[in-house]
Amino acid sequence: MMTSSVDSNSALGGMYWDNTSKVEEKNNGALTQADFFALLTQQLAYQDPTKPVENDQMIAQMTNFTMADGIGSLNQSFKGFAESMTSNQALQASSLVGRSVLTQSDEIVFTGETLSRGNIELDKPATMMKIRIENDKGELIQSFSVENPKVGKNEFVWDGTTNGTGSNSTTPDDSTGETGADGEDVIDRVNAGVYKIKVDVSYADGTNGSLPVNVYTPVGSVSLNGTAGGIMLNLIGLGAVKLGDVLEVSYT
């Protein structure tokens with residue numbers, strides 16, 4: 001009796017369990033405490049019976065294993081603590097939306113609805129300090145002069161008025177006293193926007209210089225993962241700044 005061979009279906013040839021494929025372990029090659037003790041057991045099993053490991057050596061090795069495991073646990077704890085701190089900072093930063101924060105900037109924002117405020121830190125006696133506000137073309141919009149400014153923090157407020165020399169004003173009249181149709185003085189104010197601000201100072205010792213300016217700017221939103229890392233505050237008109245660069249928070 002002849003037995004005829006039957007060809008296997010080629011379509012079924014690849015249908016089998018591949019016992020050689022395994023899920024890659026994601027331990028990054030790190031040794032755990034169990035691995036350390038396994039190595040210690042192997043060391044004891046294969047030691048020279050005539051020269052056994054001394055007790056102090058064994059204790060020292062076990063202490064090292066325990067310390068290594070403790071350091072690993074401590075690193076995990078610090079990682080969790082850092083994540084918790086970041087979450088708390090994000091929660092605090094979100095409460096700043098709608099409020100104004102003080103940062104160092106060479107630009108100042110006039111919203112058209114609120115006063116623009118800031119301050120200048122003077123580090124030594126001076127006879128004159130002059131604040132210049134310019135438009136994007138470098139044209140003078142407004143200027144303030146302070147005689148004998150005090151050493152320390154000098155605050156200023158700008159209500160958007162202009163001396164009429166710039167081209168960003170809302171009316172063609174300047175603030176020198178033009179009279180409108182209703183008989184009231186017409187005050188020239190700039191459009192809402194971002195303006196350059198500069199401070200020149202004449203010191204009491206006869207030298208001159210320029211000073212950085214700190215300005216209050218409203219916070220529009222908060223980015224939890226900025227391009228530079230960490231929490232970023234998106235200031236209206238000025239862009240993103242680091243939370244750590246904020247000098248002061250205003251109630252308004």
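**A first look around Thr-217, Leu-211 and the salt bridges**

Start at Thr-217: apart from its neighbours within four places in sequence, this residue is in contact with Arg-99, Ser-100, Val-101, Val-109, Leu-235, Ile-236 and Leu-238. Keep in mind that you're looking at a predicted model. The protein has 252 residues, and 24% of them are buried. Below is a quick tour, from the overall layout to single residues and charged pairs.

**The overall layout**

- The secondary structure adds up to two helices and 12 strands.
- Follow the sequence and you meet the elements in the pattern α-α-β-β-β-β-β-β-β-β-β-β-β-β.
- Take the contacts between residues at least 6 apart in sequence: 62% of them join residues at least 24 apart.
- The protein's accessible surface is about 17300 Å², and carbon and sulfur atoms account for 52% of that.

**Two buried residues**

- Thr-217 sits in strand 9, which covers residues 214–223.
- With a relative accessible area of 0%, Thr-217 counts as buried, and its contacts outside the local stretch include Val-101 and Leu-235.
- Leu-211 belongs to the loop between strand 8 and strand 9.
- Leu-211 is buried too, with a relative accessible area of 13%.
- Beyond its neighbours within four places in sequence, Leu-211 is in contact with Ile-120, Glu-121, Leu-122, Met-129, Val-199, Val-201 and Tyr-203.
- One of those partners, Met-129, is 82 residues from Leu-211 along the chain, yet their C-alpha atoms are separated by 9.5 Å.

**Salt bridges: the loop-to-loop pair Asp-205 and Lys-124**

- As background, side chains of opposite charge can pair when their charged atoms come close.
- Searching the whole structure turns up six salt bridges.
- One of them joins the side chains of Asp-205 and Lys-124, at 3.4 Å from N to O.
- Asp-205 is in the loop between strand 7 (193–203) and strand 8 (208–210), while Lys-124 is in the loop between strand 3 (116–122) and strand 4 (126–134), so this pair ties together parts 81 residues apart in sequence.
- Asp-205 is exposed, at 51% relative accessibility, whereas Lys-124 is partly exposed, at 31%.

**Salt bridges: the strand-to-strand pair Lys-198 and Glu-134**

- Lys-198 and Glu-134 form another salt bridge, and their closest N and O atoms are 3.5 Å apart.
- Because Lys-198 lies in strand 7 and Glu-134 in strand 4, the pair ties together parts that are 64 residues apart in sequence.
- How buried or exposed are the two partners? Lys-198 is partly exposed, with a relative accessible area of 43%, but Glu-134 is buried, at 7%.

**Salt bridges: Asp-159 and Arg-189, plus a network**

- Asp-159 pairs with Arg-189 in a salt bridge whose closest N and O atoms are 3.7 Å apart.
- Asp-159 and Arg-189 are both found in the loop between strand 6 (152–158) and strand 7, and with their positions 30 residues apart in sequence, the pair links distant parts of the chain.
- Asp-159 is partly exposed at 31% relative accessibility, and Arg-189 is partly exposed with a relative accessible area of 31%.
- There's also a network: salt bridges with shared partners join Arg-132, Glu-134 and Lys-198.

Methods
Residues are numbered from 1 along each chain as its sequence is written. This is a predicted model: local features need pLDDT of at least 70, side-chain atom pairs count only at pLDDT 80 or more; totals for chains, interfaces and linings use all residues. Side-chain values use heavy atoms; hydrogens and water are left out. A salt bridge is a side-chain nitrogen of Lys or Arg within 4 Å of a carboxyl oxygen of Asp or Glu. Helices (H or I, at least four residues) and strands (E, at least two) are DSSP runs, numbered from the N terminus. Buried means under 20% relative accessible area, exposed over 50%, partly exposed in between (1.4 Å probe, protein chains only). Contact means heavy atoms within 4.5 Å. Accessible areas come from the Shrake-Rupley method with a 1.4 Å probe; for residues, only the protein chains shown count as cover.
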